[in-house]
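Colleague: Hey, can you walk me through this one? I'm still new to reading structures.

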Amino acid sequence: MKLRTRFCKKSSIKASENAAESTPQPNNYPLSCVDWSSNEEIYFVSDDHQIFKWSDVSRDSVEVAKLPDDFVPTDLHWLLLGGRSSGGGKGSDTLLICSSDGRFIILNKSARVERSISAHGAAISSGRWSPDGAGLLTAGEDGVIKIWSRSGMLRSTVVQNEEAIRCARWAPNSTSIVFCQGGHISIKPLAANSKSIRWRAHDGLVLSLSWSAQSNIIASGGEDFRFKIWDAQGANLFTSAAEEYAITSVAFNPEKDFLLVGTFNMLKLCHSTGWSYNSARFTAPSVGSFFTLAWSADGTQAACGTSTGQLIVAHAVEQQLISRNLKATSTSRKSIALRDIANGSRDVLDFPQRVINFGLGYGHLVVATTHQVHIYNEKYINTPIIIDGRNDTRVIEVGKKSILFMILDASSIWVYTYTGRLHLNPRYPGSQAQLPLLTWRSLSLGLDVLAIRDNSDTSLLHLFDLMPGASRQYDPHSLKAKQQLAEIAACRAGTQDDQFVAFIDANRELYISETRNLSGERQDEIHKIGTQLTAIKWASETNILVGLHDSCYSIWYCPGEGASDPTIIALTTITLDTAEFGKHITIDGFEDAVVTFRCAGALLPVNVSIYCEVLHRTLIEGQWQQALKICRMGQHSSLWATLAAVATRKHQLQLSEEAYSAALQIDKVSYLQHLKTLTPSSAEQMAENSLMLGRMLEAETILLHNRKYQQAVGLALRMHNWRRALEIAQKHQAEEPGLDMLQKVLEERRKYLKALQREEWEPLYLPHVLVEKEGSSSE
């Protein structure tokens, strides 16, 4: 990936694809106030007190307004209504400009001053609208940070000390503020009675900060010539090598995992983990230090202001996506090269508008421009299907069953087929203002399900059914986790009854749950299968899951069917060291049996067990005898355990017994022999089969659905679930007049208490104990 730049002047603007070919006119005023009002317009102002607007369409700039002579601007920020992605075609209408004398003004689109407020006793170093648009912050050299309403009314003073604040930024969810003083960085939560986090970040002054909306990490640049990346708790994730000059500006891309770093005469495009894609140097002519960096709302362009007063626009080219035999590369802002390595063909696709996003997979290329979506089939590359009216597509994820989906800025979520037909427009349960806060980590497209994390309650997961006519298309099932969710991934293969969603929570623990046959917010449905995970990805054709830890990676060969049984998870999980790969590894793809890791820009393919991959394919097709032959050929415990878990789930008891026997699970073999004594395909046998897989809720549901109330009570008693046993007995006693289920539960409870030599303590059972005592006393 490379960074292309062009200079923009205040008059007679000329554009160039290469910075060295441009001859900008010098300007003595440093340009420290630059921001995008839409994806095509940049507003900038320097010490000459003139506000200019530069248009990407006309490549020219015009003067919008003139500030008072005593108003020296220090920071500028546009309010993007509806979130950071609403700055598309319509733009925004509220501009915040801060001054060196402690004032800030709010202007409307016509440059009329709405409010002018004296906020600080010294220069304001940072003034920023909150991501949700509800208010703004101002941070000054007097050591004070204040929160203001959108109309300019003071809400609170959150930080107050004597040390000057150089830079301050909002958290993506608008609940915290990060700011720097000297060589220290602090995070101040806005919740009442919450403590701040403060740490020593750089050897010199910290000059700039940026908080990523995609990864929830913080970048900082300082006078020690380094830029660093931190997590939200202040732990260091990356420290760069020393540059030649101080790092004067950093900015995370709002839509992609990019970090733009500015120093003296140089821009660096980096990955969010820290390693560098490309550097653009400006030596002829010299532009000085980059004081400010601002990404456009769609994340495709960056505006840069320098110490010599130059306005520079940069964009990334040569972005690559690889899927099987296809490789797509962006060659310019309006063209993509698609190469098929199987037959050696290469096509250059030109678009009338700027390419915002593109996705590749399952033989299809989906390209989103500013107002359209183009769908290409690898077999018919010259006849794309075009969808009009889709503006600012932020996320594209291709699916296996002729489905793709995207998120549209402040509008909705759309699911289309590859033929261009609208398949589903799910109604997001949260408010409309939360849609722009969704990222690719907070949603996932599975085979038949669309999983979306709720932004108002980040521990809540909504599951939309993609099957035609399903009720959950518009009334999703909600799954409640114990902690906040950091990343989710729905499986992309399997059958309709074997669909799972995996997610990583705030404690970096990995959980998995079914997406079918769910009932209520029961924790029984969620199973923990891993710890200390940073990223996960499902295989494209099978239900194999790969996860990345700090210094190793794990492969779960049977994460779904074996989730409820720790023994199966242990047998089917393999953990390998990544020391030979290096640090800062990410998962780039998982196609067929090849996992592709990316480390410092290099792609590192790793093969998973081909036996397990082929075994999953045969199990999806229901070829049980073929699966048995594969296990006998491979002779590995993970193969047998995978076959055993799937066969038990599908009620193939003979195969399951042989597989458990080969995996040396003697207790399960004995239990299976007991299952064979029950009536085949009866409710009792199916319930016992589910119980063997650890699915107690499923076993109870089977019995109750088949009116086997006595057996359901017995199941609850075997599990020592005394509350549930009493509930079932009381609820269904009238339907079984010949059986005194309540008396049986109370009798078992008495035996249990006698063995423990304890008195009754359960509130549900205390009334029954009192009744028995009264009955015995009356006798």
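**A quick tour of the chain**

Modeller: Sure! The chain has twelve helices and 55 strands. Keep in mind that this is a predicted model.

Colleague: How compact is the chain for its length?

Modeller: As compact as a globular protein of that length, because its radius of gyration is 31 Å, close to the 28 Å that the globule rule gives for 779 residues.

Colleague: OK, and what does the C-alpha trace span along its principal axes?

Modeller: About 100 × 75 × 45 Å.

Colleague: What share of the residues is buried?

Modeller: Buried residues come to 59% of the 779 in the chain. As for the surface, the chain exposes about 32400 Å², and carbon and sulfur atoms supply 49% of that area.

Colleague: What about contacts between residues far along the sequence?

Modeller: Take the contacts with a separation of 6 or more: 45% of them are between residues 24 or more positions apart.

Colleague: Switching topic: how many positive and negative charges are there?

Modeller: There are 78 positive and 83 negative charges, and their mean positions are 2 Å apart.

Colleague: Now the confidence. What's the average pLDDT?

Modeller: The chain averages 85, and 91% of the residues score at least 70.

Colleague: And where does pLDDT stay under 50?

Modeller: Residues 12–27 are one such stretch. In the model, that stretch has 38 contacts beyond four places in sequence. Residues 82–91 are also below 50, with 35 contacts in the model beyond near neighbours in sequence.

Note on methods:
Residues numbered from 1 in each chain as written. Predicted model: local features only at pLDDT ≥ 70, side-chain atom pairs only at ≥ 80, totals over all residues. Heavy atoms only, no water. Helix = DSSP H or I, 4+ residues; strand = E, 2+ residues; numbered from the N terminus. Rg over C-alpha atoms; globule rule 2.2 N^0.38 Å. Buried < 20%, exposed > 50% of the residue type's maximum accessible area, 1.4 Å probe, protein only. Contact = heavy atoms within 4.5 Å. Areas by Shrake-Rupley, 256 points an atom, 1.4 Å probe, with all protein chains shown as cover. Lys, Arg positive; Asp, Glu negative; His and termini not counted. Charge placed at Lys NZ, Arg CZ, Asp CG, Glu CD. pLDDT = per-residue confidence, 0-100.
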